[in-house]
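I opened this notebook page to record what I looked up in one structure. The entries follow in the order of reading.

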Amino acid sequence: MTEPSSNPLLRAWAEGRPTLGVWLTMPGVVSAEFAAREGADYVCVDNQHGLIDHSDTIPMLMAISSGGSVPIVRAPWNEPSRIMAALDAGALGVVIPMVNDAEEAERAVSACRYPPRGGRSYGPVRARYVVGSTDPSALDEVACIVMVETAGGLAHLDDIVSVQGVDAVYIGPSDLALAVGQKPGPRPYEVLADHLAAIKKACRAHGVA
């Protein structure tokens, strides 16, 4: 029997429970703490489209943890050094944008896991205190969340969610709308209904949140 994960997000997903998150795009420690204290399961610091750099991210992650939510980061790109930096800073999950195929999904997973499961470099400067361990197997309990939001992602959906180590798929509705020839907007879900259903079906078939 597999032991339940120490990561609350991974544990919730393994049990089939939904999780509610808050997205932060502006730097600010107080707003990060307030968002976490409102009862969200996770709070995400957006390093891709937000106005938050790495030096802002670290105190925001501290504030999110103190507020009782799981701190995660959206990386600017599927670039290992930025993913590893967020994890070393204490993020318990990373959202990786614009994943187009299995090879790119494997690249994302590799940046999140230590050898032999991946290629993450060992240097958990703050993560060791967040996780409470310097053991690589404990530090490996982070959520690898890939974004499906491109034509390539839709075309290779089953391949992406089949990659071992992909824990969840995050849907980017604006980029997904552009990918299928629509304009992004405040309510794009009607035109994306069939694509959203396909993503959900593939994820459920492979045990991915």
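For these entries I took helices (H or I, at least four residues) and strands (E, at least two) as DSSP runs, numbered from the N terminus. The model I consulted is a predicted one.

Entry 1, the backbone at Met 98. I located Met 98 in the loop between strand 4 (93-96) and helix 5. I noted that Met 98 is not a glycine, yet has a positive phi of about 55 degrees. I then asked whether Met 98 is buried, partly exposed or exposed. Its relative accessibility is 22%, so I entered Met 98 as partly exposed; buried would require under 20%.

Entry 2, a peptide bond. I found that Pro 115 and Pro 116 are joined by a cis peptide bond, with omega at about 10 degrees. I placed Pro 116 in the loop between helix 5 (102-112) and helix 6 (127-131).

Entry 3, the overall fold. I recorded 11 helices and 6 strands for the protein chain. The radius of gyration is 16 Å, close to the 17 Å that the globule rule gives for 209 residues, so I described the chain as being as compact as a globular protein of that length. Along the principal axes, I read a box of roughly 45 × 40 × 30 Å for the C-alpha atoms.

Entry 4, contacts and burial. Of the contacts with a separation of 6 or more, I noted that 61% are between residues 24 or more positions apart. Buried residues account for 44% of the 209 residues.

Entry 5, surface and charge. I noted an exposed area of about 10,300 Å² for the protein chain, with 55% of it supplied by carbon and sulfur atoms. I also recorded 16 positive and 24 negative charges, whose mean positions are 4 Å apart.

Notes
Residues are numbered from 1 along each chain as its sequence is written. This is a predicted model: local features need pLDDT of at least 70, side-chain atom pairs count only at pLDDT 80 or more; totals for chains, interfaces and linings use all residues. Side-chain values use heavy atoms; hydrogens and water are left out. The radius of gyration is taken over C-alpha atoms; the globule rule is 2.2 Å times the number of residues to the power 0.38. Buried means under 20% relative accessible area, exposed over 50%, partly exposed in between (1.4 Å probe, protein chains only). Contact means heavy atoms within 4.5 Å. Accessible areas come from the Shrake-Rupley method with a 1.4 Å probe; for residues, only the protein chains shown count as cover. Lys and Arg count as positive and Asp and Glu as negative; His and the chain ends are not counted. The place of a charge is taken as NZ of Lys, CZ of Arg, CG of Asp or CD of Glu.
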